[in-house]
2 protein chains.
Amino acid sequence: MQYDLVIIGAGPGGYDCAVQAAALGLRTALVERDALGGTCLNRGCVPTKLMLGATASIEELQAQAKVKIAQGHIDVDWSALHSRKEKLLAGSRKAMAAKLKTTGVDLYEGHARVLGPGRVEVSAETASVVLEGTDLVLATGCRPSSFPGLTPDGDAVLDSDAFLALPEMPKSLIVVGAGFIGLEMAQVAHRMGAQIHLFDALDRVAAYEDPEVSKTLQSVFRRWKWKVKTGVKVASVVTENAAAVLTLEDGTRVEAEKALIAVGRRPNTEELGLDNLDVELRGPGWVVVDDHLRATEHVYALGDVNGRIQLAHAASDQARYLARLLAGKIDTPYASGPVPSVLYGSPECLRVGVMAEELESQGKACRVTSSPWAANPIAQAHAATQGFVKVVWHDDRVVGITAVGHDASRFAAAATIMVRDAWTRQQAEELIFAHPTLDEALMHALLDE
Amino acid sequence: MQYDLVIIGAGPGGYDCAVQAAALGLRTALVERDALGGTCLNRGCVPTKLMLGATASIEELQAQAKVKIAQGHIDVDWSALHSRKEKLLAGSRKAMAAKLKTTGVDLYEGHARVLGPGRVEVSAETASVVLEGTDLVLATGCRPSSFPGLTPDGDAVLDSDAFLALPEMPKSLIVVGAGFIGLEMAQVAHRMGAQIHLFDALDRVAAYEDPEVSKTLQSVFRRWKWKVKTGVKVASVVTENAAAVLTLEDGTRVEAEKALIAVGRRPNTEELGLDNLDVELRGPGWVVVDDHLRATEHVYALGDVNGRIQLAHAASDQARYLARLLAGKIDTPYASGPVPSVLYGSPECLRVGVMAEELESQGKACRVTSSPWAANPIAQAHAATQGFVKVVWHDDRVVGITAVGHDASRFAAAATIMVRDAWTRQQAEELIFAHPTLDEALMHALLDE
């Protein structure tokens with residue numbers, strides 16, 4: 001089979017690239033060994049959001065209970081949630097398959113192995129086929145990492161895939177890794193009543209965010225009675241008598257019903273036949289790409305697997321670029337606009353552009369203005385007044401926006417625009433923000449008032 | 001007492017004007033007969049949002065119950081909510097008073113009456129004082145209207161002020177007027193378990209919005225088992241045996257525990273001594289202003305009372321303009337950027353810029369692109385998939401955005417920017433929207449995909 005473009009991996013990046021390339025006239029093949037939508041749809045962002053949405057009422061109730069306005073109880077039927085989740089995800093996959101059909105993308109289900117430049121073998125259970133493509137795009141994504149001593153065993157010690165598939169939430173949960181994946185899943189379990197034990201080797205939770213964001217999160221977690229230990233080394237997490245047992249390097253032991261290992265992710269580049277191509281891999285196997293997202297002549301890599309940034313919408317943006325590049329519509333290097341990064345749940349975190357610390361470490365002048373959630377009527381209405389939004393300025397232009405607190409993700413689109421277009425104070429002054437909204441916290445931060 | 005500026009009314013508009021005029025060096029007096037913050041803070045937007053926030057868990061639970069994922073019960077303690085509301089509002093008023101002090105605004109508590117050009121008498125209970133001001137700003141706002149037969153009696157027939165002060169929510173509620181005020185308050189009562197009977201003389205609910213918005217709202221209300229009658233004339237609503245009894249012109253009678261009359265608002269311009277000024281009033285007393293918001297020489301009117309638009313953030317924008325104008329910083333006519341309008345609750349509505357119908361009625365070419373909530377993972381997560389966002393284009397530029405559905409107000413800031421800056425498709429293509437967010441519905445609408 002002869003194609004202009006063969007894409008391996010039908011996660012958000014590979015799928016978007018296929019649809020857009022086909023729309024631009026390229027004969028396109030898309031290969032997927034598992035399920036359309038990849039990690040994001042099937043084992044990542046989307047199922048987590050379905051769980052956070054299904055339990056949102058619990059969090060709202062607990063907040064109102066804390067200020068003595070509401071009381072009650074809510075039972076979430078986890079198996080009903082699983083069934084609904086499967087139904088919704090199947091619906092999304094079906095819609096994706098239909099779209100591939102209408103745009104003329106050929107979908108191949110099976111395991112892809114590169115035989116050599118322009119040649120990909122797809123093996124399904126009973127048959128295999130060789131696809132020939134002028135260009136090849138690797139969009140195989142990544143999967144949970146483990147370390148010696150921190151190896152999910154499918155019993156009480158789980159990776160994020162296994163956590164999301166649990167038939168019910170545990171009564172207690174050890175979470176190793178206080179990054180966004182660990183924190184979102186911990187929130188789900190917390191809402192369902194689990195005692196959370198959170199560990200991170202770095203000295204604060206969400207350690208790649210603004211230090212004040214970490215501080216606010218830690219303060220919320222303390223209120224929730226989470227047991228948080230940062231700056232500690234975990235020696236091992238193992239299943240003992242059907243329970244998860246964590247041992248710190250100092251010998252401290254913590255036991256819980258389950259443990260989630262969320263210490264990072266590694267690229268899916270084994271068994272792909274990449275040794276048959278002149279492609280450079282970095283670290284555990286990230287595909288090194290140049291400024292055109294090219295790994296070698298006629299071979300490109302997009303999304304998580306190129307090791308740039310692990311966010312579905314970043315992969316989609318790279319996908320749009322590659323589709324145009326390969327269709328001959330553009331030949332400029334890839335230049336990403338600012339990519340919003342969101343921790344979901346309640347509180348949420350949003351970050352777009354640079355943080356003050358980053359600028360300062362580069363020796364660049366930087367001014368920070370901010371506004372707290374506390375005085376905002378919508379934050380007050382939800383009894384969720386811990387939080388703030390911070391605007392980072394350089395040369396009197398907005399270069400970064402960071403927020404933490406109830407519904408902080410609602411700034412995502414506006415903040416991305418402000419950073420992309422490097423807003424001035426005057427642009428902010430001229431914008432009318434609706435009252436009363438959380439948006440006014442962003443306004444107050446922008447206007448430093 | 002001699003001032004550069006005397007402002008009557010300390011709602012959001014009057015207050016913002018005072019603070020900003022004083023910051024620009026004007027000797028400023030602010031007169032308020034009731035409470036700092038005006039209707040918005042004390043009897044309007046903010047208390048309603050506190051009630052919607054306090055009951056948000058009920059709505060979230062009901063949505064999940066409908067898809068059989070959650071069950072439970074939530075009791076909201078209405079008197080605890082009232083106490084918390086009073087405490088929060090008092091805190092806001094205190095912060096406003098402190099800000100007036102630090103910016104050097106003199107606050108006069110009492111009833112203002114204009115004696116003649118540049119002279120305002122302020123009468124408090126035991127004393128009165130005459131203020132002299134070079135310029136006078138009227139910012140007295142408005143209050144609920146009534147019509148013959150539709151007169152709140154303080155018993156079972158209430159205006160919005162009295163509804164918000166109810167010591168508990170009724171078991172059944174008649175709402176006359178399906179505008180935003182009526183709809184938000186009906187939602188609060190609905191969440192607390194009231195059977196809602198909604199009436200409007202116009203042929204649909206939220207009749208000033210896009211017709212499809214009305215349709216979506218009506219469909220949600222039907223699901224909630226509201227009894228909605230539009231296109232009907234109410235002959236009377238009266239208290240009979242401590243209950244509210246509504247009679248339609250066709251003789252139909254409906255009884256409920258309480259009735260809320262939300263049929264519009266009228267300006268606070270009586271007893272102000274405006275006959276001592278050469279000021280023109282329109283209709284029930286709206287102050288007519290020119291393109292500099294000027295009613296007559298040295299007399300200006302901002303916010304609801306000038307009859308332009310009844311939104312707090314519009315008043316604040318006019319206030320910023322007037323402070324600068326009167327401080328001599330600008331002399332251009334007032335030109336408002338697009339003003340976002342929001343119905344809060346769940347579903348929410350957002351509108352900014354023009355609607356397709358408006359353009360079409362002007363004979364202007366118009367293209368509409370839209371995207372439904374149904375396929376959005378966040379809408380699915382909240383089991384709230386009724387809704388859509390619609391983008392109105394003219395000459396390939398965004399001129400209006402309308403949305404209805406769960407959390408639709410989160411588009412407010414971004415949509416206002418897009419309309420203000422008349423975005424092209426390319427600008428939208430270059431923006432990275434976070435995945436998964438409701439923002440992606442806006443993205444799909446913009447990209448017509």
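**Active site**

I started with the active-site annotation: the unreviewed UniProt entry puts it on His435(A). UniProt positions follow the numbering used here, feature names are shortened, and annotations may be inferred rather than shown by experiment. The model is predicted, so I noted the ground rules: local features need pLDDT of at least 70, side-chain atom pairs count only at pLDDT 80 or more, and totals for chains, interfaces and linings use all residues. Residues are numbered from 1 along each chain as its sequence is written, chains are lettered from A and ligands numbered from 1 in the order written, and side-chain values use heavy atoms, leaving out hydrogens and water.

Where does His435(A) lie? I found His435(A) in the loop between α13 (425-429) and α14 (439-447) of chain A. Helices and strands here are DSSP runs (H or I, at least four residues, for helices; E, at least two, for strands), numbered from the N terminus.

Next I listed the contacts of His435(A), meaning heavy atoms within 4.5 Å. Leaving aside neighbours within four places in sequence, His435(A) touches Glu440(A) and, from chain B, Cys40(B), Cys45(B), Val46(B), Ala312(B), His313(B) and Tyr344(B).

**Backbone oddities**

The same histidine turned up again in the omega check: a cis peptide bond joins His435(A) and Pro436(A), with omega about -10 degrees. I also logged a cis bond from Ser346(A) to Pro347(A), omega near 10 degrees. Pro347(A) is in the loop between β22 (341-343) and β23 (348-353) of chain A. Asp448(A), in the segment after α14 of chain A, has a positive phi near 55 degrees without being glycine.

**How the chains relate**

I superposed chain A on chain B: a rotation of 180 degrees with 0.0 Å of shift along the axis does it, at RMSD 0.0 Å. That is the relation of a two-fold axis. The fit is least squares on the C-alpha atoms of residues with pLDDT of at least 70 in both copies. The copies meet through the same surface, because 100% of the interface residues of chain A are also interface residues in chain B.

**Helix packing**

In chain A, I looked at α1 (residues 12-23) against α5 (residues 78-103): the angle is about 25 degrees and the axes are 9 Å apart. That makes α1(A) roughly parallel to α5(A), the label for angles under 35 degrees (over 145 is roughly antiparallel, 65 to 115 roughly perpendicular, the rest oblique). Axes are lines fitted to C-alpha atoms, for helices over the stretch in contact, and angles run from 0 to 180 degrees between N-to-C directions. In α1(A), Tyr15(A), Ala18(A), Val19(A) and Ala22(A) meet Met96(A), Lys99(A), Leu100(A) and Thr103(A) of α5(A).

**Sheets**

Which strands form the open antiparallel sheet in chain A? I got 3 strands in the order β13-β14-β15. β13 (234-240) and β15 (253-256) are at the edges with a single partner strand each, so one side of each has no neighbour in the sheet. The twist averages 20 degrees from one strand to the next. Strands pair if DSSP finds at least two bridges between them; β13(A) and β14 (residues 243-248) of chain A have 6. Ser236(A) has Thr247(A) in β14(A) as bridge partner.

In chain B, I traced an open parallel sheet of 5 strands, β9-β16-β10-β11-β12. Its edge strands are β9 (157-158) and β12 (227-230), each pairing on one side only. β9(B) joins β16 (residues 258-261) of chain B over 2 bridges, and Leu158(B) stands opposite Leu260(B).
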